[in-house]
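User: I should like to go through the reasoning behind the labels attached to this model, taking each value together with the criterion it has to meet. Please set the two side by side before drawing a conclusion.

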Amino acid sequence: MLYLRIIFFFLFIQISKAQKVKVIIDADTANEVDDLFAILGALTEPKFDVVGLTTSQFNTSPYATNNTPLESKIINDSIISLIGYESIPSLMGQIDPISNLDSITSSDASNFIVKKAKLTSKNNPLNIIVLGSCTNIASAIITDPSILDKIKVYYLGFWHNPIINSYNLNEFNTRNDPIAVNFLLNNPDLDLTVMSASTSKNLVFNKVDVFSKLAKLDNLGLYLIDRWISFNRWWTNDDKENNFWVMWDVALVEAIANQDISTKETFDTPDGYTKRKINIYTKIDPETIKQRYWKKIERYTNNLSNE
Ligand SMILES: [Ca+2]
């Protein structure tokens, strides 16, 4: 009888996992503040099965050390530990951007993506959510192109005007590995969806509101508050008190989790690239995203206090 119960329990776990959206979050966490909030949103998202966290390089930042993926892994590990999800794998990506598509260096992150993609099926693909440079996902596909029919890639990157379908690739994540971005855009077999900077910039969190919500999260909340206060935004001199923060990466994670809070349209790739279609988010509903985000965090906090 006990054996039967154990079998049913594991069957239940497998079935409930199978219905969830499988995601790997590939982030340049140490480069910004929004990555931390996006990861928190993903880890607490009931619709997601977070398969792992990987880190991407951000070599063009004025703060970049000689090992930016390691910096990000240290923060990812802290979040995983503070939230109490230590079983989620955390891996480091490649230190340098791709310099030549014919000589790819694999990393723990790209090997992990390949391994997990191979374990998934077409019906329930692995979704790679790229919140930084595209180095790791491009390396994974080049290492093993057979994963292409088992993955979907979501990328937070470049500026886009949906009315005239014009692109501006002079954007931080894209600049950190232009060769990797070109490779993704040029690959007709890749299911690629982009949350453009033009769309995600509309999601702005307000310090007073955020800090009051985070106060309920104990050490995890304090960690995020400290990050918000201490981070020096090198790209702007406006808002020196950090009263507002654009949550680029949160917009993408929440749009994947909630299809009704965003508009996604299909566009041709930019001129000069392989002619094919990619999906781009053209609109989000920032207020609903914020409401649902904090409700989700609250549910996680309440579950903790009920344990
Ligand atoms: Ca990021």
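User: What makes E1 and strand E2 a pair?

Analyst: In this predicted model, E1 is joined to strand E2 (residues 48-55) by seven bridges, and because pairing requires at least two bridges, the two strands count as paired; they run parallel. Within this pairing, Lys22 stands opposite Asp49 in E2.

User: Why is the β-α-β crossover from E1 to E2 called right-handed?

Analyst: The chain leaves E1, passes through helix H2 (residues 34-43) and arrives at E2, a crossover that is right-handed. The label means that, with the strands pointing away from the viewer, the path from the first strand over the helix to the second runs clockwise.

User: What joins E1 and strand E4, and which residue of E4 stands opposite Asp26?

Analyst: E1 and strand E4 (residues 126-130) pair in the parallel sense over five bridges, and the residue opposite Asp26 is Val130 in E4. Val130 also touches Asp26, Ile137, Val153, Tyr154, Tyr155 and Leu156, leaving aside residues up to four places away in sequence.

User: Why is strand E1 said to be largely enclosed?

Analyst: A residue is buried if 20 or more other C-beta atoms lie within 10 Å of its own. Six of the seven residues of strand E1 (residues 21-27) are buried, so the strand is largely enclosed by the rest of the structure.

User: How do you know which strands are the edges of the sheet?

Analyst: The open sheet consists of eight strands in the order E3-E2-E1-E4-E5-E8-E12-E11, with mixed pairing. Strand E3 (90-92) and strand E11 (262-268) each pair on one side only, and these are the edge strands. Neighbouring strands of the sheet are turned against each other by 25° on average, direction ignored. Elsewhere in the order, strand E5 (residues 151-156) and strand E8 (residues 192-195) pair in the parallel sense over four bridges, with Val153 opposite Leu192 in E8.

User: Which residues have the most contacts inside the largest nonpolar core, and which helix gives the most to it?

Analyst: The largest nonpolar core has 77 residues, and those with the most contacts inside it are Ile25, Ile129, Val130, Val153, Leu184, Ala251 and Leu252. Helix H11 (residues 248-257) gives the most to this core, with eight residues. As background, nonpolar side chains in soluble globular proteins tend to be buried together.

User: How do you know that the length of helix H3 agrees with its number of residues?

Analyst: At 1.5 Å a residue, the 16 residues of helix H3 (residues 68-83) should span 22 Å, and the end C-alpha atoms are 23 Å apart, which agrees. The buried residues of H3 are Thr68, Pro69, Glu71, Ser72, Lys73, Ile75, Asn76 and Ile79, and they pack against E1, H2, E2 and E3. After H3 comes Gly84, whose phi is positive, near 85°.

User: What makes helix H5 largely enclosed, and what covers its buried residues?

Analyst: Seven of the nine residues of helix H5 (residues 135-143) are buried, so the helix is largely enclosed by the rest of the structure. Those buried are Thr135, Asn136, Ile137, Ala138, Ser139, Ala140 and Ile141, and what covers them includes E1, E2, H4, E4, E5 and helix H7 (178-186).

User: Is Phe158 buried or exposed, and what is its phi?

Analyst: Phe158 has 23 other C-beta atoms within 10 Å and is therefore buried, as the cut-off is 20 or more. Phe158 lies in the loop between E5 and strand E6 (159-161), and its phi is positive, about 40°, although it is not a glycine.

User: Why is Asn242 called partly exposed?

Analyst: Asn242 has 14 other C-beta atoms within 10 Å; because partly exposed covers the range between 12 or fewer, which is exposed, and 20 or more, which is buried, Asn242 is partly exposed. Asn242 is found in the loop between helix H10 (218-230) and strand E10 (244-246), and has a positive phi of about 55° although it is not a glycine.

User: Why does Asp271 count as exposed?

Analyst: Asp271 has 9 C-beta neighbours inside 10 Å, and since exposed requires 12 or fewer, Asp271 counts as exposed. Asp271 is in the loop between E11 and strand E12 (277-284); Asp271 and Ser166 are 105 residues apart in sequence and 8.9 Å apart in space, C-alpha to C-alpha.

Key
Residues are numbered from 1 along each chain as its sequence is written. This is a predicted model: local features need pLDDT of at least 70, side-chain atom pairs count only at pLDDT 80 or more; totals for chains, interfaces and linings use all residues. A nonpolar core is a set of buried Ala, Val, Leu, Ile, Met, Phe, Trp, Tyr and Cys residues joined through C-beta atoms within 7 Å. Two residues are in contact if their C-beta atoms, placed from the backbone, lie within 7 Å. Axes are lines fitted to C-alpha atoms, for helices over the stretch in contact, and angles run from 0 to 180 degrees between N-to-C directions. The expected span of a helix is 1.5 Å times one less than its number of residues.
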